[in-house]
Amino acid sequence: MLDIRSILAVKRDGGRLSDAQIREFLAGYVAGDVPDYFASALLMAIFVHGMAEDELVTWTQTMLNSGRVMRFASLGRRTVDKHSTGGIGDKVSIPLAPAVAACGLAVPMISGRGLGHTGGTLDKLEAIPGFRTQLSAEEFERCLERTGVALGGQTPDLVPADRKLYALRDVTGLIESIPLIASSIMSKKLAEGLDALVLDVKFGSGAFMVAEERGATLAGTMLKLAHSMGVKATAFHTNMERPLGRTAGHTLEIEESFDCLEGRGPADLRELVCLQGGEMLRLGGVAATLDDGRARIARALDNGSAREVFWNVIVEQGGDPRCLDERGRLAKATQRTELRAERGGVLAWRDLRAVGHAICALGGGRVKLGDQLDLAVGLVFPRSEGEHLAAGDVVIELRHNGRGLEEALALLRRSFELVDAHTPRPLVLATY
Ligand code: URA
């Protein structure tokens with residue numbers, strides 16, 4: 001018999017839930033036998049008191065097993081994936097997955113949609129005409145077998161416990177808890193049946209978790225969960241004090257991803273693709289060292305093999321691959337507005353969240369799930385952090401369709417400063 005009150009009392013008083021209590025609670029919640037008001041009280045107690053290490057392992061494993069767990073035993077390739085906590089202009093997954101597949105591993109990638117100030121990989125992919133991200137289990141597996149990559153969204157049968165708990169945390173203000181975030185992310189990633197996982201935890205004003213120390217704790221917690229379940233994992237702590245690459249916004253990021261797949265594009269994007277892809281190859285046993293892995297990924301970008309894999313993925317997922325060659329096939333915004341420097345000085349980003357909100361104001365982001373997006377709008381950043389600008393130089397170019405322009409400009413004006421001196425911080429702060 002489920003004694004929910006005694007489970008709540010344990011956590012309310014800062015105690016440790018037994019494995020049986022965790023299983024009983026989560027099974028009851030997913031089945032609809034435990035009402036939301038009990039679940040939100042338990043989440044609040046976890047938010048306040050945290051969880052012991054082994055308690056969190058059981059909690060995460062139970063969430064993971066609340067639905068279908070993918071297995072790709074007959075694939076003949078090891079499976080690896082990457083998860084990023086996200087940020088402005090973070091399109092790494094799009095060139096990374098085909099590059100890793102071109103080097104011999106399989107990447108079954110389940111991604112999310114954008115919410116708040118950051119964009120989502122699924123929405124970006126849908127800027128490719130016809131590209132379908134809602135794949136059935138059979139379609140996902142077929143795409144993975146044929147191309148080495150599958151790029152899909154969460155289905156109702158994958159980690160239903162997270163689906164319910166995340167929605168409840170969202171409406172009760174209980175997102176920002178390290179054990180709850182770590183279990184939510186890792187239960188979904190580990191349900192992909194992975195051999196290895198690379199985590200990209202961002203810090204800075206454009207990151208989900210702004211403070212460096214909290215990012216480091218989150219990375220450590222997620223790594224322990226991966227290792228406790230026998231999955232090899234590495235975490236990189238990377239910079240989101242400035243946008244990644246030169247663009248933010250769905251179509252613009254797809255174009256920049258195409259550039260990267262052709263051995264071109266911004267250096268910081270290529271650097272993260274090579275670093276994280278190289279580590280995926282090392283963890284997956286294809287490269288002997290990280291340097292070897294990086295070199296292989298760089299070759300796959302330069303010799304067209306990563307691009308060819310992505311071409312095949314687009315075909316397999318119902319999209320029009322001709323847009324790789326003919327960029328005019330992508331939806332374009334009708335108007336351009338330039339935001340210029342009012343004085344000379346060195347470019348320092350101050351508030352990247354405002355940059356994300358500016359894209360939302362133009363219609364390119366969601367305030368709530370289900371909002372329709374304008375995939376064509378976005379921002380171009382022609383100048384780098386730390387670069388000296390003269391008065392009148394363009395700092396940000398807005399690509400838009402007329403909607404929300406004044407609000408976006410107001411947000412963008414406070415997102416940066418032109419200062420006398422500013423030294424940008426490194427792209428990669430630490431590796432765990
Ligand atoms: N992303 C997730 O998937 N879960 C969280 O709790 C936070 C970010």
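Select strand β8 (residues 345-349) and then β10: the two pair in the antiparallel sense over two bridges. Strands here are DSSP runs of E of at least two residues, and helices are runs of H or I of at least four, numbered from the N terminus. Two strands count as paired if DSSP finds at least two bridges between them. This is a predicted model, in which local features need pLDDT of at least 70 and side-chain atom pairs count only at pLDDT 80 or more, while totals for chains, interfaces and linings use all residues. Residues are numbered from 1 along each chain as its sequence is written, and side-chain values use heavy atoms, with hydrogens and water left out.

Stay on β8 and pick Gly345, which stands opposite Leu389 in β10. Now add β12 to see the open sheet of three strands, ordered β10-β8-β12, with antiparallel pairing. β10 (388-389) and β12 (416-419) are at the edges with a single partner strand each, so one side of each has no neighbour in the sheet.

Next, select the ligand and the residues near it (a heavy atom within 4 Å). The shell consists of Tyr166, Arg169, Ile181, Ser184, Ile185, Lys188 and Phe208. Show the polar contacts, meaning pairs of N or O atoms within 3.5 Å. A side-chain N or O atom of Arg169 is 2.8 Å from a ligand oxygen, and one in the side chain of Ser184 is 2.6 Å from a ligand nitrogen. For Lys188, a polar side-chain atom lies 2.5 Å from an oxygen of the ligand. The protein covers 84% of the 240 Å² of accessible area that the ligand has on its own (Shrake-Rupley method, 1.4 Å probe).

Colour α8 (160-172) and α9 (178-190), the elements that give two or more residues to this shell. α9 gives the most, with four residues.

Last, go to the cavities. A cavity is a set of points, on a 1 Å grid over the protein atoms alone, where a 1.4 Å probe fits but cannot get out; lining residues have an atom within 4 Å of a point. Volume is the space filled by probe spheres set on the points, which are joined across faces, edges and corners. The whole structure has three cavities of 30 Å³ or more, and the largest holds about 170 Å³. To centre on the largest cavity, select His117, Thr118, Gly119, Ile359 and Gly364, the closest to its centre of the 22 lining residues. Then show α6 (121-125), α11 (250-261) and α15 (352-364), each of which supplies at least two residues of that lining. α15 gives the most to the lining, with four residues.

Key. Polar contact = N/O pair within 3.5 Å; in protein donor to acceptor, adjacent residues only side chain to side chain. 1 Å grid on protein atoms, 1.4 Å probe; cavity = no way out; pocket = protein on both sides within 12 Å on 5 of 7 lines; lining within 4 Å.
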